[in-house]
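Please look over the structure below and ask how each label attached to it is justified.

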Protein chains: 2
Amino acid sequence: MKRAKGFLQRIIQAIKRGPLRMTRKRERLLGALLAMDRPVSAAALRDKAGLPESDLVTVYRTLEAFEGVGIIQRIPLEESGCLFELTEPDDHHHHFVCRECHRTERLDLCLAIELEEQARKLGFTQINHLMEVYGLCEDCQPAAASGD
Amino acid sequence: MKRAKGFLQRIIQAIKRGPLRMTRKRERLLGALLAMDRPVSAAALRDKAGLPESDLVTVYRTLEAFEGVGIIQRIPLEESGCLFELTEPDDHHHHFVCRECHRTERLDLCLAIELEEQARKLGFTQINHLMEVYGLCEDCQPAAASGD
DNA sequence: AAGCATAATGAAAACGACTTTCATAACGAA
DNA sequence: TTCGTTATGAAAGTCGTTTTCATTATGCTT
Ligand SMILES: [Mn+2]
Ligand SMILES: [Mn+2]
Ligand SMILES: [Zn+2]
Ligand SMILES: [Zn+2]
């Protein structure tokens, strides 16, 4: 948990600033997100937060609420679904994602900014981009097939 | 339809080389893909091919078959679903995609190759990447809200 | 401490883009 | 034509996520 000390307090303030309410569940979910060392699925987050009885919809709604405050980044998986991660509002980055275990490595280099510039020249507005690299991490290498 | 003349024939040969069969429906779907000037959804492709009575599963299965031959590129949309496009097997590129009308502009610059190199250094294998830029194209600009 | 408007929650059903299953039809090599 | 294999359609299933709606909790105001 190598994160700024007042981070959580600042987040809570940001949330209370709007119409959102900070409930026990949201505190637990926020705490779990803060403690995570990697992006997680909604279901995994619910479990990590120690709220196994909570409905998943609550998790999704909470994530949506947090996303609105700008502290959640969504990382799409290759096939379906996505992972969620707590980030500072202006911390733009991408990831290497293991297709198998969903281990992710942060990728600080973003090469898409100039692409967005090109899009702008084409007349596009409200531009954003998606860039993730997928593969099998060290731990998920397929067992070497013998004679196939 | 600015595509090499023998392209279709080469594709048909490639397909017949394997266990795949070239049926009327597949010919029509292939023709529609060839005639498209932009990536399309499975449902739109079925309609463009003039096969409104065909089941969508046939379209998906055909696209899957063509993908296996390396002539289909899949372009993920921001929210859900994806578009399909006919490409030459080694024609790697990305897109600008309009969130609204799904108009796409080809983006020949691929910046992710060096990222894949980084992933390799991290021990990842079977690496690929996803990179698309989303926005609203010229034709889909929101009507300027007056006094809001 | 109550009261109250508003936001959060849970249960269940709905969504949407696919995918699977299985029986039937079409293909194409021999 | 025959026959093994592949393609197709109908219907149901999947899976992550969202919607609906009735109930409960929050937190600001008396
Ligand atoms: Mn990250
Ligand atoms: Mn393209
Ligand atoms: Zn970026
Ligand atoms: Zn690329």
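A polar contact is a pair of N or O atoms within 3.5 Å; within protein, one must be able to donate a hydrogen and the other to accept it, and residues adjacent in sequence count only if both atoms are side-chain atoms. This is a predicted model, in which local features need pLDDT of at least 70 and side-chain atom pairs count only at pLDDT 80 or more, while totals for chains, interfaces and linings use all residues. Side-chain values use heavy atoms, without hydrogens and water.

Q: What makes the approach of Arg61(A) to a base nitrogen of DNA strand C a polar contact?
A: An N or O atom in the side chain of Arg61(A) lies 2.6 Å from that base nitrogen, and the limit is 3.5 Å, so the pair counts as a polar contact.

Q: Why is the site of the zinc ion (ligand 3) called tetrahedral?
A: Four donors count as tetrahedral if all angles lie between 85 and 135 degrees, and the angles among the four donor atoms here are 106 to 113 degrees.

Q: How do you know which atoms are the protein donors of the zinc ion (ligand 3)?
A: Donors are N, O and S atoms within 2.8 Å of the metal (3.2 Å for Na, K and Ca), and NE2 of His92(A), His94(A) and His129(A), together with SG of Cys110(A), lie 1.9 to 2.3 Å from the ion.

Q: Why is His129(A) called buried or exposed?
A: Buried means under 20% relative accessible area, exposed over 50%, and partly exposed in between (1.4 Å probe, protein chains only); at 14%, His129(A) is buried, whereas His92(A), at 42%, counts as partly exposed.

Conventions:
Residues are numbered from 1 along each chain as its sequence is written. Chains are lettered from A and ligands numbered from 1 in the order in which they are written. Four donors count as tetrahedral if all angles lie between 85 and 135 degrees; four count as square planar and six as octahedral if opposite donors are over 155 degrees apart and all others between 65 and 115; anything else is irregular.
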